[in-house]
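Mentor: Let us go through the structure below by question and answer.

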Amino acid sequence: MIRLDNITLTFPDGDNRVTAVNQVSLTAHPGTVTGITGPSGSGKSSLLAVAATLIRPDSGRVTIGDVEATGLDAAEAADLRRTSIGIVFQQSNLLPSLTASEQLRVMGELGGRRHAEARAAATRRADELLDAVGLADHRDKRPHQLSGGQRQRVNIARALMNDPSALLVDEPTSALDRERGAAIIDLILRLSTERDAATLLVTHDVVHLPRMHRVVRLVDGKLEAAQPLATPAV
């Protein structure tokens with residue numbers, strides 16, 4: 001579960017401060033995808049960064065699973081991200097020299113888990129996830145050998161490598177055409193359900209919103225009324 005309670009976030013602007021997120025409360029439940037939409041500059045990505053514990057809000061509380069994350073120090077927040085939060089950035093940010101499998105397996109090295117048994121488990125997990133995103137036959141390819149949609153699939157698989165309870169996705173279809181974008185949304189919906197992850201997904205692409213379990217809209221940092229949607233076809 002992801003729970004944001006009365007989150008406010010401001011940034012310095014000369015002698016004043018500008019409010020990016022204004023008293024937002026939002027809950028995402030396991031196995032569901034909540035879409036976050038709204039105009040550019042409305043605070044969507046800032047809210048996602050707060051949920052990811054990448055930015056500490058001015059006020060309010062962030063809860064991931066049963067962990068109240070707002071009071072964690074930097075090292076504790078980093079450990080929470082490593083164990084419980086998967087982040088899919090707008091750009092895939094894959095390492096050019098690593099194969100698709102290695103992009104995932106390096107996540108298993110985080111936190112010092114480098115013994116042989118852990119490496120073998122990471123390899124099995126990477127193979128499982130690449131199969132889940134339809135890239136089992138591309139495990140040994142490097143980013144330049146993959147299409148944009150395939151790179152985004154690796155990005156999603158990498159975010160799931162440590163079996164997170166919270167998945168945070170920022171504009172996953174922005175660099176893709178309509179058909180490939182729809183396939184990525186299908187994938188996120190299916191994997192969120194199968195892996196019981198609570199997912200927040202920021203998007204400008206309104207064509208995909210009817211497929212979400214729930215949609216909220218941010219305008220000038222404020223949350224408009226939530227829109228519960230029909231159960232999406234996945």
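Trainee: Is H138 buried or exposed?
Mentor: This is a predicted model, where local features need pLDDT of at least 70, side-chain atom pairs count only at pLDDT 80 or more, and totals for chains, interfaces and linings use all residues. Residues are numbered from 1 along each chain as its sequence is written, and side-chain values use heavy atoms, without hydrogens and water. Buried means under 20% relative accessible area, exposed over 50%, and partly exposed in between (1.4 Å probe, protein chains only). H138 has a relative accessible area of 18%, so the class of H138 is buried.

Trainee: Which residues does H138 contact, leaving aside neighbours within four places in sequence?
Mentor: H138 lies in the loop between α4 (116-132) and α5; helices (H or I, at least four residues) and strands (E, at least two) are DSSP runs, numbered from the N terminus. Contact means heavy atoms within 4.5 Å. With neighbours within four places in sequence set aside, H138 is in contact with A100, L146 and Q150.

Trainee: A159 belongs to α5. Is A159 buried or exposed?
Mentor: Helix α5 covers residues 148-159, and A159 has its place there. Beyond neighbours within four places in sequence, A159 contacts G86, I87, V88, P164 and L167. The relative accessibility of A159 is 10%, so A159 counts as buried.

Trainee: What separates the C-alpha atoms of A159 and T63?
Mentor: Along the chain, A159 and T63 are 96 residues apart. In space, their C-alpha atoms are separated by 19 Å.

Trainee: What is the strand order in the open sheet of four strands?
Mentor: The pairing in this sheet is antiparallel, where two strands pair if DSSP finds at least two bridges between them. β2 (16-28) and β5 (67-68) each have a single partner strand, so they stand at the edges, and one side of each has no neighbour in the sheet. The order is β2-β1-β4-β5.

Trainee: Which residue in β5 is the bridge partner of I64?
Mentor: Strand β4 (residues 59-64) runs antiparallel to β5, and two bridges join them. In β5, the partner of I64 is V67.

Trainee: Helix α1 packs on that sheet. What angle does its direction make with that of β1?
Mentor: Helix α1 (residues 44-51) touches β1 (2-13), β2 and β4. Axes are lines fitted to C-alpha atoms, for helices over the stretch in contact, and angles run from 0 to 180 degrees between N-to-C directions. The angle between α1 and β1 is about 120 degrees.

Trainee: T70 is found in the loop between β5 and α2 (74-84). Is T70 buried or exposed?
Mentor: Not counting residues up to four places away in sequence, T70 touches R56, P57, G60, R61 and V62. The relative accessible area of T70 is 15%, so T70 is buried.

Trainee: How many residues of β8 are buried?
Mentor: In a regular strand, side chains alternate between the two faces of the sheet. In β8, A198, L200 and V202 point one way, T199 and L201 point the other way, and all are buried. For strand β8 (residues 198-202), the buried count is five of its five residues.

Trainee: Which residue stands opposite L168 in β8?
Mentor: Strand β7 (residues 166-170) runs parallel to β8, joined by five bridges. Opposite L168 in β8 stands L200.

Trainee: What is the handedness of the crossover from β7 to β8?
Mentor: The chain passes from β7 through helix α6 (residues 178-194) to β8 as a β-α-β crossover. A crossover is right-handed if, with the strands pointing away from the viewer, the path from the first strand over the helix to the second runs clockwise. This one is right-handed.

Trainee: Which residue in β9 is the bridge partner of T37?
Mentor: Strand β3 (residues 33-37) runs parallel to β8 over four bridges, with I36 opposite V202. β3 is also parallel to strand β9 (residues 214-219), again over four bridges. The partner of T37 in β9 is R217.

Trainee: In the hairpin of β9 and β10, which residue takes a positive phi?
Mentor: β9 and strand β10 (residues 222-223) pair in the antiparallel sense over two bridges, and L218 has L223 as its partner in β10. Two residues lie between the strands, and the positive phi, near 55 degrees, belongs to D220.
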